[in-house]
Structure formats: structure tokens, C-alpha cells
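Let's walk through this model together, going from its interior to its helix pairs and then to a few backbone details. Keep the viewer open as you read.

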Amino acid sequence: MTSTKHTGPMKLDTSLKPSLWASKAPMGLGKIKPHHIRDTMKVAWDNKDNLGYAFRILTQGVCDGCALGVSGLYDQTLTGPHLCTTRLNVLRLNTMPAIDPSWLENIEKMQELDSTELRKLGRIPYPLSRKKGEKKFTRITWDEALDRIATKIKKIDPKQLAFYLTARGITNEVYYTAAKVARFLGTNNIDNASRICHSPSKTALKRSLGIGASSCNYKDWIGTDVLIFWGSVAANNQPVSTKYMYAAKKAGTKIIMINPYREPAMENYWIPSVPESALFGTQIVDDVYQVNIGGDIAFMNGVMKHWFEMEEKVPGSAIDHEFVNEHTNGFSELKNHIENQDWALLEQSSGLTKERMYEFAELLAKSKSGVFIWSMGLTQHRFATDNISQVANLAMLRGFIGREHCGVMPIRGHSGVQGSGEMGADPFVLPGSDFDELNAKRMEYLWGFGVPRWQGDTVGQTLENVMLPENHERKVKLFYTSGGNFLETMPDPDFIKEVLENVELRVHQDIIFNTSTLVEAKEEVIVLPAMTRYEQPGGGTSTSTERMVYFSPEINGPRIEEARSEWEIYVDLASRVYPDKKHLIEFTHAEEIRDEISIANRNYDGIQHLKNRGDVFQWGGAWLCEGGNCPTPDGKGNLLAIEIPELRKTEGQFYVTTRRGKQFNSMIYSETDPFNGADRYDILMNAVDAEQINIKEGDSIVAFNSYGTLQGRAKFEDVKSGNIAVFWPEGNVLLPKGVYEKYAEIPEYNTSIIVEKAETFHAQKDRKYVEKRVEELEMSMS
């Protein structure tokens with residue numbers, strides 16, 4: 001796709017620069033901040049029974065935490081070792097022994113534990129069964145388990161079968177095999193964890209630029225004029241990236257954060273692997289634009305409106321006309337759309353003044369290069385694809401595409417999840433291609449069996465389909481999930497529990513128990529013990545945010561009694577469903593899978609050569625759309641006119657969004673947020689807003705709407721007025737079920753709520769006061 005190759009890691013500038021220090025007090029004494037040394041010591045203690053194996057995983061394996069792509073302790077961005085507490089926290093999942101079998105005898109006792117406590121019990125040791133009404137798990141053989149699943153598959157319509165794969169260290173080999181097996185079994189109902197994080201990023205970038213991944217590299221951060229973090233708290237979710245930010249600051253890059261909450265982690269951070277920063281911290285962001293939740297489209301329209309007004313005064317002062325004329329479509333339509341925007345509406349929706357929007361517009365206009373990075377703050381909306389297309393609009397208008405220090409980057413929070421869709425584990429795609437007739441025939445030729453042509457469902461639709469009438473052809477009767485905890489990742493947990501209980505046969509292929517595993521099924525729950533990526537015979541690969549495909553070798557160490565490689569489980573199951581055709585699905589070694597991937601996905605030509613520790617290649621080269629040439633039918637990017645979504649609330653109501661604390665996905669590692677000192681049930685709100693409704697800091701308060709009720713404590717933080725933040729997954733009770741973005745089908749993770757003192761809420765509840773307030777809320781949002 002490009003001729004320019006990545007040039008490898010660069011040397012970090014370690015010269016002292018006191019102007020960047022966050023504090024002159026050594027180690028941030030007296031500050032609310034992560035305690036990296038203490039946390040590292042705790043991790044060492046937790047892994048004391050397997051320290052040698054833990055050390056080998058850290059020094060030989062590819063990180064199974066975030067998707068920055070650290071192989072051993074090194075990456076392709078900066079020289080020197082990298083290590084973060086996120087990776088250290090996840091480490092115990094790989095080194096812990098099997099669960100004490102006595103726990104399996106008492107489901108009710110296990111159900112008293114939360115997922116954090118369940119995780120600490122240990123690994124799943126062997127196949128287990130729990131039939132409806134049983135109060136314990138029963139050990140069964142692999143043959144019994146897979147034969148029962150295969151028998152059920154034979155009895156149901158393929159549209160009643162669904163697969164899901166999470167992102168907990170799953171390799172490309174597993175994603176690919178699952179995608180192939182699903183189609184072999186006749187179903188297109190296969191989805192993955194990116195559905196609820198970055199699916200709109202892929203959808204939007206595809207329609208705007210013809211690409212489905214980051215167009216640039218982490219190295220492009222270092223030395224770009226401006227680095228924009230949009231709805232992304234990389235310091236919390238991808239901690240190693242703070243080292244890249246440190247290097248960027250040293251190179252003179254301005255770093256901007258756009259977020260409703262002025263995230264402390266992005267303002268000041270103590271980077272443990274940089275001595276200067278470990279001692280005195282680093283001031284990361286240069287400026288913060290606090291938009292309303294859901295106000296990003298209005299903000300970007302305002303920025304473009306300023307650009308067109310600047311162009312009227314001085315042509316060429318804001319827009320790269322050479323790039324736009326040669327490499328884009330839709331400029332006139334976008335210009336007409338933007339010029340008709342009303343400033344008052346833009347200010348109201350975005351929450352920012354015209355003057356403030358001008359500051360950002362001017363900053364970008366004066367910059368010769370820029371990189372836009374975003375995450376859940378832009379993607380988890382019912383208008384998420386439009387959010388991302390707006391970012392692409394900004395990048396194209398400034399010509400920040402296809403060259404050094406420029407690009408658009410959906411930063412991934414999980415190792416390897418970038419590869420899930422690229423391997424075909426997605427209802428809308430096949431390996432390396434869109435799901436259309438031409439590509440279906442291409443895969444049929446490679447695979448030797450038919451590919452079903454009907455449109456598969458996303459995981460949200462799949463869960464809802466469980467509740468369809470008994471005779472409905474799409475009523476999901478067998479749900480096979482590799483990892484995942486839907487009780488703690490999807491909106492409306494009560495509904496999700498009901499869904500899980502109504503699946504006839506649920507299969508949980510996993511390494512540990514979580515709260516979802518313990519929910520009863522209509523007929524049976526089967527639990528299959530999986531290997532980690534470090535146990536996978538023949539090793540495995542994962543794809544980072546920047547499209548680096550890393551090889552992670554099998555690492556010598558203890559093994560769980562009957563755990564099996566996940567790709568092997570899928571192949572074995574498929575062979576039992578159609579034994580006469582099993583030769584079409586068989587793999588005997590991970591290398592065979594990589595050989596086939598290199599053919600199935602043309603971008604992955606090179607994966608077949610990854611065999612040893614440290615092996616890596618980058619698909620697509622250094623920059624996608626290099627020189628402005630996009631992989632679209634006409635080679636041009638598409639500028640799109642995006643309408644402002646309607647966001648309405650009245651006095652006393654708030655927009656609410658969810659945020660992460662010290663956690664990895666839904667796995668919580670501390671009840672206290674190390675960046676702001678908040679507890680998991682603290683509700684983060686603006687002090688002025690609170691005063692207006694007579695709430696004091698520390699008060700017991702209730703956030704509620706027609707979907708649910710969350711009781712917590714008021715904690716005053718620098719949150720945009722009219723907006724509040726709650727922790728995820730605790731705040732999921734407030735989120736609506738069945739609300740999806742129309743292009744990528746991501747669930748809505750933002751909503752509108754009412755906040756009141758707990759004493760008022762409970763005192764008025766019996767008078768139907770609460771219900772009346774909810775009716776007012778629904779009327780204002782309709």
C-alpha cells in the first residue's frame with residue numbers, strides 16, 4: 001500500500017527540562033497519583049509462586065495488555081525498556097494456578113463474589129458442565145463437552161448459532177480460525193470486542209479514507225506540530241504511551257486534550273521508565289477543550305466554519321487547497337454545509353464559545369503537521385461514525401494524511417484487537433476484505449466450502465435475539481463466547497442477565513471465571529479451559545494499533561491441567577459437527593494458520609515468516625494513504641457534510657458518560673482511582689452545577705432515569721458544566737439497551753439523567769415523584 005517502511009525505534013531525549021516538570025517535590029510526594037513502585041512490588045508479591053515464569057513472559061512475550069505492541073520490554077518507537085502497571089496487573093492471569101476444585105461444588109458461594117474476587121480464585125482447570133437447576137459445576141471430558149456442543153449445533157438453524165471473541169490476549173491465529181469455523185458451520189453471527197469500542201472508527205475511516213486502521217505510527221507523535229487526544233485518556237488506558245508523549249514534548253510538540261472531564265492523568269504524569277519524569281513528573285497537555293458529551297461534531301463544524309471565514313480573508317491561510325483539490329471529493333458540499341451552520345447552535349451543542357473554537361482552529365491552521373488520536377469518547381455514541389468522519393474531515397482539509405508526523409489514529413486499548421476484524425471475526429467482513437459477493441467467492445475458493453450470504457448480527461443484536469419467539473429463525477439458542485463478561489460490559493445489566501438465562505446452551509471458553517459464567521442457562525452452561533497466548537503451541541501473533549504484527553513465542557512454564565489452544569478447540573468442534581468435511585477445516589500447527597492468513601488477507605503477506613521471538617512486520621507500510629492516495633475506488637478521500645446530533649436537556653438534567661478507573665476492560669484492580677482519588681461509586685460533577693441543586697461534596701446522591709438508578713457520592717471534579725461522569729461498568733445501569741449507532745452498531749454508552757440528593761430521592765419515591773421526573777426527562781429528550 002506504500003513504499004515507505006517504518007525505520008525502527010529512535011533514541012529518547014533524556015536531557016533535563018525543568019519547564020516540563022509537574023512538581024518539584026520528588027516522586028510527586030503529596031500528590032494524588034499512581035504509585036508505580038508500590039504497585040510493582042505488589043505484582044511481584046502476587047506472582048511470587050511463579051516469578052521465573054512471570055519474568056519470562058515480560059521479557060520474551062508480546063504484551064497482552066494494551067495495543068501499543070511491546071515485544072518483551074521493547075517496541076518499534078523508542079529505544080530502551082518499557083513496562084507499565086497495566087501489563088503488570090494482567091500478568092497474574094497468566095501465572096496463577098488452577099482454582100481449588102472445592103469452589104466448583106458451590107455455585108451459590110461463588111455468586112457471592114464479584115468479578116475481581118472470582119478472578120483471584122485461579123484458572124479454569126478442565127471442561128465443566130452446569131445444567132439448569134444444578135448448584136455446582138460437574139467435571140466432564142473434552143469429548144463429552146465438544147460432543148454436546150456439536151450435537152446442539154446440528155439440531156438448530158445456523159442463524160441460531162452465534163460466536164463472540166473478546167480481546168484478552170487472543171491471537172490472530174485464534175481470530176482467523178474462529179472466523180473460518182463460523183462460516184464452516186454456516187453462520188455469519190460472529191463478533192468481537194471491537195464492536196463496543198472502535199467499530200465506528202473502522203467504519204468511518206473506510207468511508208472517508210478507504211482504510212480500516214491507523215494511518216500513521218507512534219513515531220509520528222514525536223516531532224509533529226500538534227498532537228490531539230480526542231475523548232482518549234491514553235495515560236490511563238495505554239500508560240506506555242506517556243513515554244511517547246514525553247518524547248514529543250521534548251521535540252516541541254503541542255499536546256491538546258478534548259474531553260468533557262479535565263483528566264488528571266493527561267495533565268500530569270509520572271513516567272516510571274524515564275528517571276526525570278519518575279522523579280518530577282511531566283506536564284503533558286498544553287491545553288484542554290472541554291466539550292459537552294456528544295458536542296464534538298458541533299465543535300468540529302465550528303472549527304471548519306472558522307477556517308472558511310479565515311479563507312475569505314486570506315486564501316490559503318487555513319486549508320491545504322493543493323491536497324484538497326488533488327486528493328479529496330466533496331469540498332463544495334462540505335463548504336456549503338458549514339457556511340450554513342448557526343454559531344449559536346454550534347456554541348450550545350459543543351459547550352464552547354466561538355472564540356474558544358477559533359483558538360483551536362488557528363492552532364491547527366498554523367501547524368504544518370498534526371496527528372489526531374481518539375478513543376471511546378468519540379466512538380461510544382449513537383452518532384459515532386459521524387464523529388470519526390469529522391476528524392477525517394479536519395485531517396484532510398489540512399493535508400495531515402499520508403506523510404510523516406501526520407495522520408489519524410484510533411488508539412486501541414487491547415492487545416491484538418486490531419486483528420479481529422482483519423481476520424474476519426466480524427459479521428460485516430471476511431479476512432482482509434468486505435463481506436460482498438466477490439470476496440465471498442474468493443474465500444470459498446481458498447477454503448473449499450460455501451460461505452453463507454445472509455447478514456450476520458453484531459453482539460448486541462445477538463443478545464437481543466435470544467429473547468425472540470421460540471419459532472423465530474434468528475432466536476439464538478447456542479451462544480459460544482471466548483472470554484467476555486456481558487453483565488459488566490453491556491448497558492442494562494438486568495436485561496443482560498435475563499438474556500443469558502434464556503440461552504439454551506451457553507459455552508464459555510475462557511481462562512478464568514467471571515460473573516457472567518455463573519449465570520444459569522435454559523439447558524446447560526459448558527465451560528472450556530483455554531490457554532493464554534504464552535501457552536499456545538507454535539506461538540501466536542497480534543496486531544498493534546499502528547499495524548505492527550508481532551510474533552509472541554510459546555514460553556516455557558507451568559501449564560493448566562487440561563487447557564487447550566483456542567484455535568485447536570474451534571477446529572476440534574467443527575470436525576465433530578461435520579466429520580466428513582473435517583479435512584477442510586483442519587490445522588495441525590499454528591504455522592499452517594499463518595500460512596493461510598497470508599493468502600486470505602493480502603495485507604498480511606509476511607505473517608508466514610514470523611517464527612521467532614522479536615519477529616515483526618508492519619502491514620501497509622509507514623503511512624496509509626501515502627502522498628494522499630487513498631485505497632478508494634477513485635483514489636481520493638471523501639469529505640462529508642455531517643449534521644449536528646440533537647442533544648436536549650432541561651434544567652436539573654445532565655449528560656452522563658462512563659469512564660475507566662484502575663482497570664483493564666471490565667477487570668477492576670483497585671476500588672480507588674489513582675488519578676483523582678475517587679471511589680468506584682463516586683459521581684464526578686461540576687461544583688457550580690452541584691451548588692445550584694443544593695448538593696455538597698461527599699453528599700449521598702442518586703443519578704436516575706427510566707433505565708436505572710445509581711446511588712453514590714458527589715465528588716467535585718473539573719467536569720464540563722451540565723455533564724457528569726460515572727465509572728464503568730458500575731454506571732451501566734443508567735444506559736439504555738437496544739440503542740445502536742446506525743452504521744457500526746455500537747451500543748450507546750451516553751445518556752441523560754437527573755441527579756438529586758439521596759434523601760430527597762427516597763423521601764419522594766412513594767409519591768411517584770421519581771417516576772414523574774423520569775417522564776419529564778423523556779419528554780425533553782424525545
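**From the core outwards**

The largest nonpolar core holds 141 residues, and I149, W230 and W307 have the most contacts inside it. A nonpolar core here is a set of buried Ala, Val, Leu, Ile, Met, Phe, Trp, Tyr and Cys residues joined through side-chain atoms within 4.5 Å. Buried means under 20% relative accessible area, with exposed over 50% and partly exposed in between (1.4 Å probe, protein chains only). Helix α13 (residues 296–313) gives this core its largest share, nine residues. Helices (H or I, at least four residues) and strands (E, at least two) are DSSP runs, numbered from the N terminus.

This is a predicted model, in which local features need pLDDT of at least 70 and side-chain atom pairs count only at pLDDT 80 or more, while totals for chains, interfaces and linings use all residues. Residues are numbered from 1 along each chain as its sequence is written, and side-chain values use heavy atoms, with hydrogens and water left out.

Now zoom in on W307. Leaving aside neighbours within four places in sequence, W307 is in contact (heavy atoms within 4.5 Å) with A318, I319, A361, L364, A365, L394, L397 and R398. Apart from the largest core lies another one of 38 residues, among them V70, F229, A265 and M266.

Next, the helix pairs. Two packed helices are described by the angle between their axes and the distance between the axes. Axes are lines fitted to C-alpha atoms, for helices over the stretch in contact, and angles run from 0 to 180 degrees between N-to-C directions. Helix α7 (residues 172–184) and helix α24 (residues 566–577) have axes that come within 8 Å and cross at roughly 15°. That makes α7 roughly parallel to α24; angles under 35 degrees count as roughly parallel, over 145 as roughly antiparallel, 65 to 115 as roughly perpendicular and the rest as oblique. On the α7 side, the contact is made by E173, V174, T177, A178, V181 and F184, and on the α24 side by E566, W567, Y570, V571 and A574.

Helix α24 also packs with helix α6 (residues 142–155), at an angle of about 55° and with the axes 9 Å apart. These two helices, α6 and α24, are therefore oblique to each other. From α6 the contact draws on W142, D143, L146, D147, I149, A150, I153 and K154, and from α24 on I569, D572, L573, R576 and V577. You will recognise I149 from the largest core, where it is one of the residues with the most contacts.

Helix α8 (residues 199–209) offers another view of the interior: S199, P200, S201, A204, L205, S208 and L209 are buried. They pack against β11 (370–374), α18 (376–379), α19 (384–398), β12 (407–410) and β21 (637–638). Just after α8, G210 takes a positive phi of about 80°.

Which backbone details deserve a look? Most residues other than glycine have a negative phi, and most peptide bonds are trans. D492, in the loop between β15 (478–482) and α23 (493–502), has a positive phi near 55°, and is buried at a relative accessible area of 15%. In the loop between β28 and β29, E745 has a positive phi of about 65° and counts as buried at 17% relative accessibility. P729 lies in the loop between β28 (723–727) and β29 (750–757), and a cis peptide bond, with omega about 15°, joins W728 and P729.
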